[in-house]
Amino acid sequence: MSAIFHSHAQEEDVRFIPRLLLAELRQQAQIDGISLWKLLEERLDISPAQCLVRLGYTLQFQILDMEALHEIEADFRVLPYAEAVRRKCLVAKGDDRPICVISDPFDLALQGQLEARLQQAPEWRLVHPSD
């Protein structure tokens with residue numbers, strides 16, 4: 001199953017987002033009440049898919065593109081569908097341990113709440129919120 005947890009990114013897409021820029025845009029997103037993803041895409045002049053690749057690379061998250069997201073099996077016993085939609089996350093069945101799929105890598109409270117529901121430490125995957 002682990003083979004599906006990748007993106008078909010071009011090599012030129014795989015670059016760090018400068019930490020100072022990321023911090024600046026996070027702050028601006030919080031103040032203005034807008035999406036960090038949108039600000040990153042606009043400031044870096046990149047597509048949502050490129051933004052996913054670059055943010056995942058910068059924060060050292062494995063990513064799921066839309067194709068890979070369709071291939072995983074959600075575990076709605078751990079996180080019911082309605083809650084997954086409301087919280088914009090997903091718990092999936094992995095080969096050896098659960099996989100938590102999130103679109104906000106900075107929401108540490110959500111990550112802690114997901115971990116508390118699980119019997120073992122999960123693997124983490126980042127998705128674009130539009131996926």
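**Buried cysteines, a mixed sheet and an arginine in β4**

Biologist: Why is C100 called buried?

Modeller: In this predicted model, C100 has 0% relative accessibility. Buried means under 20%, so C100 counts as buried.

Biologist: And how do you know that C100 is in no disulfide?

Modeller: The nearest cysteine sulfur, that of C89, is 7.7 Å away. A disulfide needs two cysteine sulfur atoms within 2.5 Å, so C100 and C89 are not joined in this way. The structure as a whole holds zero disulfides.

Biologist: What about C51, buried or exposed?

Modeller: C51 is buried: its relative accessibility is 0%, and the cut-off is under 20%. C51 belongs to helix α3, where L52, V53, R54, L55, G56, T58 and L59 are buried too.

Biologist: What covers the buried residues of α3?

Modeller: The cover includes helices α1 (19–32) and α2 (36–44), along with strands β1 and β4.

Biologist: How does the reach of α3 compare with what is expected at 1.5 Å a residue?

Modeller: Helix α3 spans residues 48–59, twelve in number, and from first C-alpha to last it reaches 16 Å. The expected value is 16 Å, so the two are close. Just after the helix, Q60 takes a positive phi of about 60°.

Biologist: On to the sheet. What makes β1 and β2 edge strands?

Modeller: The four strands form an open sheet in the order β1-β4-β3-β2, with mixed pairing. Strands β1 (62–63) and β2 (89–92) each have a single partner strand, so one side of each is left without a neighbour in the sheet.

Biologist: How do you know that β1 pairs with β4?

Modeller: Pairing takes at least two bridges, and two bridges join β1 to β4 (residues 123–126), so the pair qualifies. These two strands run parallel, and Q62 stands opposite R125 of β4.

Biologist: Which helix lies across β2, β3 and β4?

Modeller: That is α6 (residues 108–116), running at about 155° to β3 (99–102).

Biologist: Back to R125 in strand β4. Why is R125 called buried?

Modeller: Its relative accessible area is 4%. With the limit set at under 20%, R125 is therefore buried.

Biologist: And what makes the link between R125 and Q62 a polar contact?

Modeller: Their side chains come to 3.3 Å, and the limit for such a pair of N or O atoms is 3.5 Å. The side chains of R125 and E123 also make a polar contact, at 2.6 Å.

How values were computed: Residues numbered from 1 in each chain as written. Predicted model: local features only at pLDDT ≥ 70, side-chain atom pairs only at ≥ 80, totals over all residues. Heavy atoms only, no water. Contact = heavy atoms within 4.5 Å. Axes fitted to C-alpha atoms, helices over the stretch in contact; angles between N-to-C directions. Buried < 20%, exposed > 50% of the residue type's maximum accessible area, 1.4 Å probe, protein only. Polar contact = N/O pair within 3.5 Å; in protein donor to acceptor, adjacent residues only side chain to side chain.
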